[in-house]
There are 2 protein chains.
Amino acid sequence: MKVNINGETKDMRSVWMEETKIMFIDQRQLPLKLEFFLAQALEDVAYAIKDMVVRGAPAIGAAAAYGMAQASLLEMDLNEAASQLKATRPTAQDLFTAVDYMLGEISKGAKLKNSAEEYVNSILNKCQKIGEHGEKLIKNENKILTHCNAGALATVDFGTALSPIRLAHQNGKKIFVFVDETRPRLQGARLTAWELQNEGIPHALIADNAAGHFMQKGEINLVIVGADRITNNGDFANKIGTYEKAVLAHENNIPFYVAAPITTFDFSLENGKDIPIEERGQEEVLIIGQRNIAPDQTRARNPAFDVTPKKYVTGYITEKGIITAEDISSLRN
Amino acid sequence: MKVNINGETKDMRSVWMEETKIMFIDQRQLPLKLEFFLAQALEDVAYAIKDMVVRGAPAIGAAAAYGMAQASLLEMDLNEAASQLKATRPTAQDLFTAVDYMLGEISKGAKLKNSAEEYVNSILNKCQKIGEHGEKLIKNENKILTHCNAGALATVDFGTALSPIRLAHQNGKKIFVFVDETRPRLQGARLTAWELQNEGIPHALIADNAAGHFMQKGEINLVIVGADRITNNGDFANKIGTYEKAVLAHENNIPFYVAAPITTFDFSLENGKDIPIEERGQEEVLIIGQRNIAPDQTRARNPAFDVTPKKYVTGYITEKGIITAEDISSLRN
């Protein structure tokens, strides 16, 4: 992804490995500061995932793959490392896919550092293909809504939902992106807006409350979001608020697409009711940047994800093309 | 309303008049500080409305009525005062209703201070009746969602949407309130949560994004919101995000009620398309408590209200009882 540092544009990934160290763009600090988080040991990697130094299903998968490679280089117990990594966050499918892939590589006697790089390259490759397939959905002058951050930060590079948007812009299509701020953690305001600004893609930040209004007014032509887990029937989990936008898009006859690599599909789950939903600390709702927004004794509820039933999804943009819920079973094989 | 000050509970209104001075609870400072704003002249009243020292359609109406009374006591040109007050905010119907009522009182030769107090008493009376009618909709163990603040702060006392909730709690019904934080200005987090805490009503703050999730999970039984303007056919304007919650309630078969006095109905407008929607400054989205949440060059769109079509409304809780969209034309007479 393009990153502007003091007027200079660099090409950068959101997570990478240098010798035994794993480097992250610290997503908690953006957009105010571009800082890097260095993980020297498994506890650091687990902390980075849990505390959301790194977030986004594919980037979490990459972090876990690198974490397993690091554990191997540091000669740790790899089953123990796998358990620790899997216990960090419950919803994103890619975390489990990545760790299981690395366990498989061990049984093959592979060098885990190479296996992790292959895993990450395969994410990048998939994201680029998602971009190519999804770009065809975007017409000149389209105004596109996205929720949370399914960009390069979330996927090492390129993004899932943002990959078609990046490519449409590169191809000279005149587009405009409405960015849901995405409370409580403001990933839209902090991360998606930052990526779009770095790429020079015209956009406006909106309160999550305003998306329905702009849909109703005919100002949004297309919705593209990412996914944390997609089940067999097409139901999917994504950042809290995705379900709201999907229902509103449906009500306003606006195409609603989910962009995700096939590693995000969990073929072991029949439907969305079975996806575990992480409820995070209430301070994420009660405090914005050290400032309490509610009275002292007020408590909060903070589900981090919601489940959108398949009936609201126009299609799934995968590296193998754009598919419908009915096509998912054939992916399984 | 109950206000807890240093462990002591006082009964207070959100706006009142003392001699020629108009006093406001400064709603911009809550819940961190309980401060009062003193309006000594018309410019102060206009500022208080524009800058949202006072907000909520009925309370804006009360402020305008007091403003006209003050202008009369200070021997100002009353037509000029009326124009200045009407120019403060475009969406809330009560502002225009209140100023026109006061102009009518002038032509009758009334003492405007008395007329303003009568206007305010009539708001209080209506809010209490709205409470009595609406309370019947609330069952024991109900979990109720509300958006923004349609409480005592918004209506001088009691509230519109919060009036039935207050009464159900006083009557010993065990209820729970989900409070949408209501970005960008956080009236739910700052004001509704503050009122509920003062009254001892169990509640939880949620990100606006999470309301749909809790509806889908069956955790919300009833939605009650206020209104800024209701048109002849039943479409209504209210705080941005109301439309989203209405569509989601409809989709999940949850009753959705609008609580408002009949002064909020604008019989001159056939439907919601004709309601002017105020777009406020983008800094309300970009900055939370002095802190910029987005990159430097990112711009924002900030519609303050949206319009909910009548088809999503189960009923309107008015001082004359609970009515449907079909009944509105009969109110006109």
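This is a short tour of a predicted two-chain model, stop by stop.

Before you click, some ground rules: residues are numbered from 1 along each chain as its sequence is written, and chains are lettered from A and ligands numbered from 1 in the order in which they are written. Because the model is predicted, local features need pLDDT of at least 70 and side-chain atom pairs count only at pLDDT 80 or more, while totals for chains, interfaces and linings use all residues; side-chain values use heavy atoms, with hydrogens and water left out.

**Stop 1: the interface**

Select chain A and chain B and show what touches what. You should get 60 residues of chain A in contact with 60 residues of chain B, where contact means heavy atoms within 4.5 Å. Together the chains bury about 4700 Å², 57% of it on carbon and sulfur atoms. Buried area here is the accessible area (1.4 Å probe) that two parts lose on being put together, summed over both. Now pick Asn209(A), Glu244(A) and Arg301(A): they supply 16% of the area that chain A buries against chain B, more than any other three residues.

Next, the polar side of things. Between the chains there are 32 residue pairs in polar contact, both residues at pLDDT 80 or more. A polar contact is a pair of N or O atoms within 3.5 Å; within protein, one must be able to donate a hydrogen and the other to accept it, and residues adjacent in sequence count only if both atoms are side-chain atoms. Which element gives the most to the side of chain A that touches chain B? Colour α10(A), which gives six residues. Helices (H or I, at least four residues) and strands (E, at least two) are DSSP runs, numbered from the N terminus. The residues on that side of chain A divide into 32 nonpolar, 14 polar and 14 charged. For that split, Ala, Val, Leu, Ile, Met, Phe, Trp, Tyr, Cys and Pro count as nonpolar, Asp, Glu, Lys and Arg as charged, and the others, Gly among them, as polar.

Salt bridges come next: a side-chain nitrogen of Lys or Arg within 4 Å of a carboxyl oxygen of Asp or Glu. Eight of them cross the interface. Zoom in on Glu181(A) and Arg183(B), whose side chains meet in one at 2.6 Å, N to O.

**Stop 2: a sheet across the chains**

Select β16(A) and β8(B), residues 203–206: they pair in the parallel sense over two bridges. To pair, two strands need at least two DSSP bridges between them. Ala300(A) stands opposite Leu205(B). Widen the selection and you have an open sheet of eight strands with mixed pairing, in the order β16(A)-β8(B)-β7(B)-β6(B)-β9(B)-β12(B)-β18(B)-β19(B). β16(A) and β19(B) stand at the edges with a single partner strand each, so one side of each is left without a neighbour in the sheet.

**Stop 3: a hairpin in chain A**

Jump to β3(A), residues 15–18, joined to β4(A) by four antiparallel bridges. The hairpin has two residues between its strands, and Glu19(A) in the turn has a positive phi of about 50°. Phe24(A) is opposite Val15(A) on one side and has Phe37(A) of β5(A) as bridge partner. Four of the five residues of β4(A) are buried (under 20% relative accessible area, 1.4 Å probe, protein chains only), so the strand is largely enclosed by the rest of the structure.

**Stop 4: Asp266(A)**

Finish at Asp266(A) in β13(A). Buried or exposed? Asp266(A) is buried, at 5% relative accessible area. A 2.9 Å polar contact joins its side chain to that of Arg229(A).

Conventions: Buried < 20%, exposed > 50% of the residue type's maximum accessible area, 1.4 Å probe, protein only.
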